[in-house]
Amino acid sequence: MSAKAISEQTGKELLYKYICTSAALHNRFKYARVGCDTDWERLTQEHPWLLAERLVVKPDQLIKRRGKLGLVGIDLDLTGVKEWLKSHLMKETVGKAKGLLKNFLIEPFVAHKQEEEFYVCIFATREGDHVLFHHEGGVDVGDVDAKAQRLLVGVDQKLESSALKSHLLSHVPDHKREVLASFLVGLFNFYEDLYFTYLEINPLVVTEDCVYVLDMAAKIDATADYVCKAKWGDVEFPPPFGREAYPEEAYIADLDAKSGASLKLTLINPSGRIWTMVAGGGASVVYSDTICDLGGVNELANYGEYSGAPSEQQTYDYAKTILSLMTREKHKDGKVLIIGGSIANFTNVAATFKGIVHAIKDYQGPLKEHEVTIFVRRGGPNYQEGLRVMGEVGKTTGIPIHVFGTETHMTAIVGMALGHRPIPNQPPVAAHTANFLLNSSTSVSVCAFAEEHLKKEFHTCLSRSIWHRPVCNDEVAMCLLLKVSKATTLFSRHTKAIIWGMQTRAVQGMLDFDYVCSRDEPSVAAMVYPFTGDHKQKFYWGHKEILLPVYKNMGDAMKKHPEVDVLISFASLRSAFDSTMETMQYPQVKRAAFGNSSASKKPLTVGHGVFHSEQVGGIKPGCFKIGNTGGMLDNILASKLYRPGSVAYVSRSGGMSNELNNIISLTTDGVYEGVAIGGDRYPGSTFMDHVLRYQDTPGVKMIVVLGEIGGTEEYKICQGIKEGRITKPVVCWCIGTCATMFSSEVQFGHAGACANQASETAVAKNQALREAGAFVPKSFDELGDVIKTVYDDLVAKGIIVPAQEVPPPTVPMDYSWARELGLIRKPASFMTSICDERGQELIYAGMPITEVFKEEMGLGGVLGLLWFQRRLPRYACQFIEMCLMVTADHGPAVSGAHNTIVCARAGKDLISSLTSGLLTIGDRFGGALDAAAKQFSKAFDSGLLPMEFVNKMKKDGKLIMGIGHRVKSINNPDMRVQILKDFVKQHFPSTQLLDYALDVEKITTSKKPNLILNVDGLIGVSFVDLLRTCGGFTRDEADEFVEIGALNGIFVLGRSMGFIGHYLDQKRLKQGLYRHPWDDISYVLPEHMSM
């Protein structure tokens, strides 16, 4: 769920249009909008009530406590409104946020008494929707959180009038209780139907005859757009007061809407010197926190993030927008750009960096002029190549670029950029990702390590059990799962899952993880994909190939795989709800994980555990992982996720969970289990769910929690520590501490990363955790140090005994990935030099398709690019188009058209009929262009006079191709030839071969008038003149095009239009099967019989 604020005008328009209540609601929303360019005369013509009624005027810019700030003009006439606006319009107001007052709302004034004012607020939480009501409203309502009566309406429950009256309306006068109850029920239904997440009315006025909504503030669930579009219309989401809406933000928002990736940009201080370009929603918050913690809050220019594997073009567009913004005005101290991110799960870092490198090259001049220094830190698939390329562009452009990989703490580059840390002279990093995969150690199974770990857990619990018999290794895990850890263990080495969606890459990643953990069988039992029939999909299991079944519906999959107890869904937000509800029909599913967020603001609950968000994940080293969690195999091995450690963590961010894997592996003996519950406002499981599991899991010795701004779940951990329910060491840090330092509200990358009250801020939660007894670092920068300190203390006390490392089995690298890394090479099966469809835009012979249309190149220009790999002169393009026009058709009697017609009348399809006609093209029909070009060129180049050429052909017994016509003659000229000849003579630089052919024509027509230069001959010789003299080709290139048959392509392409026309004509005329008439056939006996 993404809660976005809407203007008071939008909220009231929706309310008055769609609320359904029996209360006497003032049912017409009368308002007028006023700005600095308002035409008052026109405004009063459109809203004549402005001249007749008393009025209220107020700014509509998401300003809180307008009444307290003196920003509401009450009980004024129109003249009074104008006077009031003179002292407020375009004036800067200073509260917590500073900004210009630009947009005002004028409404009719409602005369009423103080006791007729009430306060009502509805807002969403994970448990349901809270309705707050207070019998006193208005400017002086005070602390409504403490005063108001509350009623929780659970998920999928309805608000009942009786519950309202008994719980909320006890202090309301009797004669108004029924009216208020009816209105509030209608308001709640409206709130639910239109997917509001917050709706506050203060004051709500109830007079003797009507209900009035005076002031209103609201937020809606933006992800429900596809559900509510018909009712919402085109909703505008204004920026928070104090922050202007920039066109660059709108541009990035538009890119984001058109992309499956995530692209976000918020400008905070365009004049600032510190700019960020961060990958990942959680990581982007961490970097902003660290910048502010190190004193850079007043210089932080922007907040933003890119994630979800954007394409090279999308990354380029995002990067160039930021580079353009940061190079518009200079800063006396120069500027810094922080290109950071956590360790990616599946994004090819080198591929995304290509777009950034492209943008840096384009802006290298302005970047050097503005003295920009760039700091880069990244990890993930192919990150070494990405860092190498980024370092190279720094050397070639002269821009200071410092690059760091996973060996450097994620936020260390912030301290370097701000001068708080020295910039180390880093040794070169590994050449490629594959270093982790090429294991030179003996391939020893990791089973022994995992089994030993499980035995320790088992025997720890054995003293509490009634069991006193020996167990074999194979029984250990199962006994532990069923007898000891049933309530605390999500996954085991025997967990089986069904994948909803055709996510082959994620499935292969899970199988590789299973193999490196030495599981006996793959963790994926089957896949469900409704858009294809049942079939098998091929995957790798170590060195060999296996087949996994793919089912069209969930029912078949569940029936055939009763051992499955986990669903991993990659359904889109439009189908997530339906597919999940279907899954809930099968009690065998105990866990569910979702790869996309549902539009519903209500959380889903399945069995004992639900993960629910866009970047969801979970991993139990040595046992099971969800989808892309943990990244590719190199990161699995580097972070030692193939065997269990002693530290369990739970994180909001899926991307940051990989960073936690890295930090924990560097500072402790590794991860026991890790879960990312997701950044949604209401994830399917909570921090406390997992912390309590870890508390009750013997193998977990310490717990790490990475929370964030928004929500109150961290306070439950505080309560658990204070009450003694949580006794294991808890290291906790909440990201988003920078939010309290900003003058205006910033919506971070995660939908839930927004504080609706002071207690939801990261600063407040970190302080509460510290006071409760959790280990809380001063900043994320120190998180690894605190984890190491706690771990070392547990080792010193003997609580943790680090186990001996056992190398995992090697897994072969996929061919495609090895090639991506540059480890292998293979000759391509095809080569092409005319077209490239791989990028963001189709390219013809090096020219983007947008440029083709921008330059109005036409069909001739496109043919020049694709056939001749050149941008031909305009006259050449026109000549090609004229050739296509004159060769398009020559009636139904010619052999090609005849064949097409016969085939069409036999009931064949268009392709078959067209092919039938094209197959007749050859030396005798339509194939004379190449032959004529070759014959005339050879004669001309040999120095033969026209008469000598004619005599030689006659002596050799050969026809002169391109000479002669069945119908046309010197006395009945072919107008097609005349049109082309006139154009060539007028526009071509030279016509030597055409002149030579015309001299030949004079000789042949003197013998017979129909031996003219026909259209094939003219096109052939003219094309040779074009290729030789247009300036785009060498003589050898021109001759090569003639030799390989390019000119016949003109006739084939042109005549195809005519053949298609004949096909369509026959179908349109509904002509039946063609049978040739007998009287047009000469039936004769074989020659030997007739004699």
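The paragraphs below go from the nonpolar cores of this structure to a small sheet and then to a surface patch.

The model is predicted, so that local features need pLDDT of at least 70 and side-chain atom pairs count only at pLDDT 80 or more, while totals for chains, interfaces and linings use all residues. Residues are numbered from 1 along each chain as its sequence is written, and side-chain values use heavy atoms, with hydrogens and water left out.

The largest nonpolar core (buried Ala, Val, Leu, Ile, Met, Phe, Trp, Tyr and Cys residues joined through side-chain atoms within 4.5 Å, where buried means under 20% relative accessible area, with a 1.4 Å probe and protein chains only) has 102 residues, of which Ile 568, Phe 624, Met 702, Val 704, Val 705, Ile 717 and Phe 780 touch the most other members. Apart from it lies another core, of 60 residues, including Met 882 and Leu 1018.

Elsewhere, an open antiparallel sheet has three strands (DSSP E runs of at least two residues, numbered from the N terminus) in the order β33-β34-β35. Because β33 (835-836) and β35 (847-848) are edge strands with a single partner each, one side of each lacks a neighbour in the sheet. Strand β34 (residues 843-844) pairs with β35 over two bridges, pairing being assigned if DSSP finds at least two bridges between two strands, and Ile 843 stands opposite Pro 848 in β35.

On the surface, Met 581 belongs to helix α20 (residues 576-583), a helix being a DSSP run of H or I with at least four residues. Met 581 is partly exposed, at a relative accessible area of 36%, partly exposed being the range between buried and exposed, the latter over 50%.
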